[in-house]
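Thank you for making time this morning. I would like to walk you through a structure that is new to this group, taking the helix packing and the pockets in turn.

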Amino acid sequence: MLKSRTGADSQTGTSLRKKGNASRNQDFSLILMALPMMIFITIFNYIPMGGMFVAFKDYSYRDGILGSPFCDPIYKNFEFVFKSPDTWRIIRNTLGYNLVFIVSTLVISVSIALLLNEIKSRKALKVYQTTMFFPSFLSWVVVSYIVYAFLNPRLGYLNAVAAKLGGETLDWYNTPNAWIAILIVLHIWKGIGMNVLMYYASMLSIDSSYYEAAAIEGATRLQMIRKITLPFLYPMMIILTILAIGKIMNSDFGLFYQTPMNSKTLYETTDVLDTYVYRALMENGNIGMSSAVGFLKSVIGFLLVMLTNGIVKKINPDYALY
């Protein structure tokens with residue numbers, strides 16, 4: 001009896017060791033998969049943070065980062081943003097566009113993901129997914145020329161159609177207000193694919209037994225979406241929104257610089273913080289002022305993430321980032 005019990009304990013110990021080894025091997029494989037991105041983020045995100053104090057220096061190319069003297073006063077480089085006559089315009093455009101981008105991307109991405117979840121044909125699903133992903137592989141330089149082919153004042157497709165229909169042609173590159181809608185549409189068109197993929201992947205992880213039980217109870221598809229699908233999507237929606245709010249002071253440089261062809265007549269509605277600082281850097285070559293703007297954006301983004309996460313934590317701690 002004692003021998004049989006000893007043999008059973010030995011088998012249990014061997015089984016536990018095998019499970020432990022398998023778990024360690026799996027963890028090691030996951031670490032190897034994440035290693036390239038960890039190295040990339042370390043080199044291009046964390047190491048450059050050591051140069052943030054350039055924002056407080058009167059930078060000289062001859063003396064370098066360490067040899068350049070500190071500004072007098074220390075906040076001199078930050079005055080570039082706050083004392084500029086264009087400050088209100090660039091901050092208004094930056095915040096306004098990003099707020100619209102956050103809301104529109106969230107609503108449209110979730111709506112399209114819900115529609116894809118209702119498609120049963122795998123061939124049709126692949127066609128829709130490919131169609132949505134294709135724009136994300138195009139650079140903004142390519143997109144800018146596609147847009148120019150449509151909006152060219154003389155040979156553009158839209159003006160040609162308007163002329164044939166007896167309508168009024170429009171000089172798009174001298175009409176600032178028209179670009180508010182153009183930029184929003186282009187941002188959604190080019191970036192919607194990845195967001196839809198994340199929401200759609202979250203839907204695939206939902207246990208089908210929930211839908212089966214709801215169908216037995218007589219629930220409609222709309223009721224299933226409201227009571228089952230959307231609650232499962234809330235954590236993903238909140239996380240992506242918090243991360244997007246953290247980047248609210250950033251702008252897609254290619255969208256705002258390349259697409260309008262850097263037309264001066266469109267600055268009223270296309271000029272944002274990144275394009276303004278880029279032009280200032282190209283004209284003045286002042287790295288300290290550009291670093292100050294980058295530092296300011298990082299601080300504001302960090303504070304907004306903390307604030308938004310704190311609000312979410314108050315409402316529902318399970319949905320917060322930490």
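Let me begin with one term, since I will lean on it straight away: when I say that residues meet, or are in contact, I mean that they have heavy atoms within 4.5 Å. Please also keep in mind throughout that what you see is a predicted model.

With that in hand, look at helix α9, which covers residues 208–216, and helix α10, which covers residues 221–246. Here Y210, Y211, A214 and A215 in α9 meet M224, I228, T229 and F232 in α10. Sorted by class, this contact of α9 with α10 has 7 nonpolar residues, 1 polar residue and no charged residues.

How should we describe such a pair? In general, two packed helices are described by the angle between their axes and the distance between the axes. For α9 and α10, the axes come within 10 Å and cross at roughly 165°. Because angles over 145 degrees count as roughly antiparallel, α9 is roughly antiparallel to α10. The crossing of α9 and α10 is right-handed.

Let me turn to another pair, α13 and α14, whose axes are 9 Å apart and which pack at an angle of about 165°. That angle makes α13 roughly antiparallel to α14, and the crossing of α13 and α14 is left-handed. On the α13 side, the residues in contact are L273, D274, V277, L281 and N284, and they meet I287, M289, S290, V293 and K297 in α14. By class, the contact of α13 with α14 has 6 nonpolar, 2 polar and 2 charged residues.

Now to the pockets, where some of these helices come back. Which residues lie nearest the centre of the largest pocket? They are N45, N250, G294, K297 and S298, out of the 34 residues that line the largest pocket. You may recall K297 from a moment ago, as one of the α14 residues that meet α13. The elements that give two or more residues to this lining are α1, spanning 2–46, together with α10, α13, spanning 273–284, and α14, spanning 287–315. Of these, α14 supplies the largest share of the lining, with 13 residues. The volume of the largest pocket is about 1,100 Å³, and its lining has, by class, 22 nonpolar, 9 polar and 3 charged residues.

The second largest pocket holds about 800 Å³ of space. Its lining is made up of 25 residues, and T105, H187, N195, A244 and K247 lie nearest its centre. Two or more residues of that lining come from each of α4, spanning 87–118, α8, spanning 178–204, and α10. The largest share, 8 residues, comes from α8. By class, the lining of the second largest pocket has 14 nonpolar, 8 polar and 3 charged residues.

Before I finish, there are two details of the backbone to look at, each of them in a loop. The peptide bond from D72 to P73 is cis, with omega near 5°, and P73 lies in the loop between α2, residues 64–67, and α3, residues 79–82. The other detail is M261, a residue other than glycine that nevertheless has a positive phi, near 60°. You will find M261 in the loop between α11, residues 253–258, and α12, residues 267–270.

Conventions. Residues numbered from 1 in each chain as written. Predicted model: local features only at pLDDT ≥ 70, side-chain atom pairs only at ≥ 80, totals over all residues. Heavy atoms only, no water. Axes fitted to C-alpha atoms, helices over the stretch in contact; angles between N-to-C directions. Helix = DSSP H or I, 4+ residues; strand = E, 2+ residues; numbered from the N terminus. Parallel < 35°, antiparallel > 145°, perpendicular 65-115°, else oblique. Left-handed = near helix turned anticlockwise from the far one by under 90°. Nonpolar A, V, L, I, M, F, W, Y, C, P; charged D, E, K, R; others polar. 1 Å grid on protein atoms, 1.4 Å probe; cavity = no way out; pocket = protein on both sides within 12 Å on 5 of 7 lines; lining within 4 Å. Points joined across faces, edges and corners; volume = space filled by probe spheres on them.
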